[in-house]
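Student: Could you take me through one part of this model closely, and then show me how the rest is arranged around it? I would like a connected account.

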Amino acid sequence: MQHRKTSPATDEFWMAKAIRLAAKGCYTTSPNPRVGCVIVKNDECIGQGYHIQAGTPHAEVHALVAAGDHARDATAYVTLEPCSHTGRTPPCADALIKAGVKRVVVGMTDPNPQVSGQGIERIKAAGIAVTQDVLTEQAKALNPGFIKRMESGLPWVRVKLGISLDGKIALQNGASKWITGPAARRDVQRLRAKSCAIITGSGTVIADNPSMLVRPEQAEFSDYPVSTVRQPLRVVIDSQEKLTPNWLMFNDGQPVLLVNQHFRAGFSQDTQQCHLPLSAQGKIDLSLLLAELAGRGINEVLVESGAGLAGAFLANGLVDELIVYQAPVILGDKGVSMLNLPVYDEVNQAPHLKLTDIRHIAQDIRLTYQIVSDKL
């Protein structure tokens, strides 16, 4: 291997490898963050690992086990500050100290108040050199939901839409299968798999009777790290309490959270019920729902719903990211618009977006936007 002396470029090289490792846990670490670790000695990687699943060893432990006794006097590259508290596993800061590493390079400080800065201070107190904030933006991009939940008590919210070239999600009669192609639908399956919860509304359940489950055969995972696919929590908003227990998603043995005002009898034991008050408009308060989900350890939420609920999330300033799959088809002016939004008197009142990614998914285009909070 080419010799790399300690330098910012060297640190970025190895941190980039740790970030790629962390991404391997994108489907399975919830409610924990995605973390990668690389142990380097004499310009060679002698151990590497990533966090796979909550309750199992953290990235640092996997990497240290792989490095063995060679970890002494090595440098550890970790995408997220090593933890300093005992949860379901012992503190990783202590593991690094015990292994005798001489230096720790950290991508970002842990936003968890139980850890933030304490892991780094514990390592420094042991006489180990620490370099912080290496490829910080890339490290943050691994865990938008975990970071937001720790800092604000709310999950990261994505709204997914499949639309025509003219911004319609269905024909006038409601028909929408299939606007987008098989490759886009496979991509949506993987997006579901990365999500801790899927939110939909009673209207979608009644219209489509969907499962909202991740279908491994359609997702075609090539790198899933465990044998059983983790299913997201399905969250069904039923403000008017129209739903009955016979719909598909209440009878498939996977967990569902039914959000309404009052207890409804007859639902299976897999269906939990969450009772929230209605807003002045007679709808479930979405901000209270998101806070409830964060309290349950939900990091990332995917909204898959009709134009009404998706529009309500956006109009209430509760959306972080909008993911639009646009198909090369025109449905016409009588089709169903992608979002129901209030009537705006000025353009500046409407939601403004920042395009952060664009790519072809076979014949379709996937557009990823973040919501701009400060509009000019």
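Tutor: Happy to! This is a predicted model, and a good place to begin is a small hairpin. β1 and β2 make up this hairpin, with two residues between them. In the turn, N42 has a positive phi of about 55°. The two strands, β1 at residues 36-41 and β2 at residues 44-50, pair in the antiparallel sense over six bridges. To find your place in the ladder, look at V38, whose bridge partner in β2 is Q48.

Now follow the chain out of the hairpin. H51 sits in the loop between β2 and α2, the latter covering 59-67. H51 counts as buried because its relative accessible area is 3%, and the cut-off for buried is under 20%. The side chain of H51 has a polar contact of 3.1 Å with the side chain of N32. A polar atom of the H51 side chain also lies 3.4 Å from the backbone oxygen of Q53. Beyond its neighbours within four places in sequence, H51 is in contact with G25, T29, N32, P33 and V35, and also with T56, P57, H58 and A59.

On the other side of the hairpin in sequence, the loop between α1 (8-23) and β1 holds Y27. Y27 is buried too, since its relative accessibility is 6%. Its surroundings take us far along the chain: Y27 and L191 are 164 residues apart in sequence, yet their C-alpha atoms are 9.0 Å apart in space. Setting aside neighbours within four places in sequence, the residues in contact with Y27 are R190, A193, K194, F221, D223, Y224 and R230.

That brings in the domains. The domain assignment of the protein chain gives domain 1 as 11-142 and domain 2 as 146-371. Their C-alpha centres lie 33 Å apart. Across the boundary, 18 residues of domain 1 are in contact with 18 residues of domain 2. Together the two domains bury about 1500 Å² between them, and 64% of this area is on carbon and sulfur atoms.

Before crossing over, pause at R103, which lies in strand β4, residues 103-108. R103 is buried, as its relative accessible area is 12%. Its side chain is joined to that of D11 by a polar contact of 2.6 Å. Leaving aside neighbours within four places in sequence, R103 has contacts that include T6, D11, the run A74, T75, A76 and Y77, and also I128, A129 and T131.

Next comes the nine-stranded sheet. This sheet is open, with mixed pairing, and its strand order is β11-β10-β9-β8-β12-β6-β13-β16-β15. At the edges are β11 (271-275) and β15 (352-361), each pairing on one side only. On average, neighbouring strands of this sheet are turned by 25° against each other, direction ignored.

Within the sheet, β12 rewards a closer look. β12 runs parallel to β6, with four bridges joining them, and W156 has E300 as its bridge partner in β12. β12 also runs parallel to β8, here with three bridges, and I199 has V303 as its bridge partner in β12. In a regular strand, side chains alternate between the two faces of the sheet. In β12 both faces are covered: E300 and L302 on one side, and V301 and V303 on the other, are all buried.

From β6 (residues 156-163) you can step onward to β13 (residues 321-326), which runs parallel to β6 and is joined to it by six bridges. There, V159 has L322 as its bridge partner in β13.

Finally, two helices lie across these strands. Helix α10, residues 286-295, lies across β6, β8, β9, β10, β11 and β12, running at about 160° to β9. Helix α11, residues 307-315, lies across β6, β8, β9, β12 and β16, and runs at about 115° to β8.

To retrace the route: start at the β1 and β2 hairpin, look at buried H51 and buried Y27, cross to domain 2, and end with α11 lying across β12 and its companions.

Definitions and conventions
Residues are numbered from 1 along each chain as its sequence is written. This is a predicted model: local features need pLDDT of at least 70, side-chain atom pairs count only at pLDDT 80 or more; totals for chains, interfaces and linings use all residues. Side-chain values use heavy atoms; hydrogens and water are left out. Buried means under 20% relative accessible area, exposed over 50%, partly exposed in between (1.4 Å probe, protein chains only). A polar contact is a pair of N or O atoms within 3.5 Å; within protein, one must be able to donate a hydrogen and the other to accept it, and residues adjacent in sequence count only if both atoms are side-chain atoms. Contact means heavy atoms within 4.5 Å. Two strands pair if DSSP finds at least two bridges between them. Axes are lines fitted to C-alpha atoms, for helices over the stretch in contact, and angles run from 0 to 180 degrees between N-to-C directions. Domain bounds come from an automatic or database domain assignment. Buried area is the accessible area (1.4 Å probe) that two parts lose on being put together, summed over both.
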